[in-house]
Amino acid sequence: MTDDSTPESSGQQVNKIDLPEEHPAIAPLSFLLGRWKGTGKGGYPTIEDFDFAQEVSFTHIGKPYLIYTSRTWRLTTDANGKLVRGEDGQFRRVQPLAVETGFWRPQPDNKVEVVLAHPTGITEIYVGEVKGTRIELATDVVARTETAKPVTAGKRLYGLVPSETREGEKDLAYAYDMAAMGLPLTPHLSAVLHWDWID
C-alpha cells in the first residue's frame with residue numbers, strides 16, 4: 001500500500017515561496033541578478049600578490065534596488081604559481097579574505113548609486129553609469145572608523161565578457177582600483193566570475 005497523501009490533502013499548511021516581481025527601476029541592472037563564482041588576482045604595492053576565489057550575489061525583493069554580497073578566499077598555489085586543486089577538484093582555499101555587502105540603487109538616465117559596507121570599518125558610496133552590460137563606478141564618499149586602514153578612494157569596472165569555458169555564455173569580469181596607505185588609485189583586484197544561479 002502506498003501513501004498518496006500530500007501535505008495539502010492531509011491538512012498540513014505548506015509555505016510556498018513567491019518570488020517578487022522585479023521592480024521596473026532595476027531593469028538596467030537585471031543582467032547582474034544571480035550568484036557569480038570564479039577566481040581572480042590581487043595585489044598592491046604594500047602587500048604580496050595573491051590569488052583568490054570569489055562568490056558574488058545580486059538579489060532583489062521587488063524594491064528599486066539590488067542587494068549585493070561578496071566573499072573572497074585566498075587560494076593555494078604551487079611553486080610555479082599554478083592554482084592547486086583539492087581531492088574534490090575544487091581550488092584549495094587557504095583562508096577567508098574580504099567580505100562586503102550593500103545595495104545597488106539605479107537612478108534615472110542610466111546612473112547608479114552603490115552603498116557598500118566592509119567589516120574592516122570602511123563604508124563607501126559609489127556613483128556611476130550603466131552602459132549596456134558595462135558599469136563604471138567611482139567613490140563619492142569613503143568613511144572610516146578610527147581603527148580602519150586609510151582607504152581614501154576606489155574605482156570599479158564591471159562588465160559581461162564572452163566566457164572562455166562555456167561556449168555562447170557570458171561571464172562577469174571586474175577590476176577594482178584603490179587609493180590607500182597614502183597611494184593614489186592603483187590596481188588592486190580583478191576577477192572573472194561565471195553565473196551560477198538566479199532567484
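Strands (E, at least two residues) and helices (H or I, at least four) are DSSP runs, numbered from the N terminus. The structure is a predicted model, in which local features need pLDDT of at least 70, side-chain atom pairs count only at pLDDT 80 or more, and totals for chains, interfaces and linings use all residues. Residues are numbered from 1 along each chain as its sequence is written, and side-chain values use heavy atoms, with hydrogens and water left out.

The protein has 10 strands and zero helices. Its pattern along the sequence is β-β-β-β-β-β-β-β-β-β. Contact here means heavy atoms within 4.5 Å. Among contacts with a separation of 6 or more, 43% join residues 24 or more positions apart.

Accessible areas come from the Shrake-Rupley method with a 1.4 Å probe; for residues, only the protein chains shown count as cover. The protein exposes about 12,400 Å², and carbon and sulfur atoms supply 52% of that area. A residue is buried under 20% relative accessible area, exposed over 50%, and partly exposed in between (1.4 Å probe, protein chains only). By this cut-off, 34% of the 199 residues are buried.

The interior comes next. A nonpolar core is a set of buried Ala, Val, Leu, Ile, Met, Phe, Trp, Tyr and Cys residues joined through side-chain atoms within 4.5 Å. The largest such core has 34 residues. Leu 32, Phe 58, Trp 104 and Ile 135 have the most contacts inside it. Strand E9 (residues 170-180) gives the most to this core, with five residues. In soluble globular proteins, nonpolar side chains tend to be buried together. Beyond four places in sequence, Phe 58 touches Leu 32, Leu 33, Gly 34, Trp 36, Leu 66, Ile 67, Tyr 68, Trp 104 and Leu 172.

Two residues with polar side chains were then examined. Arg 156 lies in strand E8 (residues 151-162). Arg 156 counts as buried because its relative accessibility is 5%. A polar contact is a pair of N or O atoms within 3.5 Å; within protein, one must be able to donate a hydrogen and the other to accept it, and residues adjacent in sequence count only if both atoms are side-chain atoms. The side chain of Arg 156 makes one such contact with that of Tyr 126, at 3.1 Å. Another joins the side chains of Arg 156 and Tyr 158, at 3.2 Å. Residues over four places away that touch Arg 156 include Glu 100, Glu 124, Glu 136 and Tyr 176.

His 188 is in strand E10. At 15% relative accessibility, His 188 also counts as buried. Its contacts more than four places away in sequence include Lys 41, Tyr 44, Tyr 176 and Asp 177.

On the surface, Val 115, Ile 125, Val 127 and Val 141 form a nonpolar patch. Such patches join nonpolar side chains (Val, Leu, Ile, Met, Phe, Trp, Tyr) within 5 Å, from residues with over 30% relative accessible area and no salt bridge (a side-chain nitrogen of Lys or Arg within 4 Å of a carboxyl oxygen of Asp or Glu). Together the four residues have about 260 Å² of accessible area. Val 141 is found in strand E7 (residues 134-144). Val 141 is partly exposed, at 38%.

Two loop residues complete the description. Asn 110 is not a glycine, yet has a positive phi of about 60°. Asn 110 sits in the loop between strand E4 (93-107) and strand E5 (111-118), and is partly exposed at 39% relative accessibility. Met 181, also not a glycine, has a positive phi of about 55°. Met 181 lies in the loop between E9 and strand E10 (186-197). Its relative accessible area is 44%, so Met 181 is partly exposed.

Notes. Patch = residues over 30% accessible without salt bridge, like charges linked within 9 Å, V, L, I, M, F, W, Y side chains within 5 Å.
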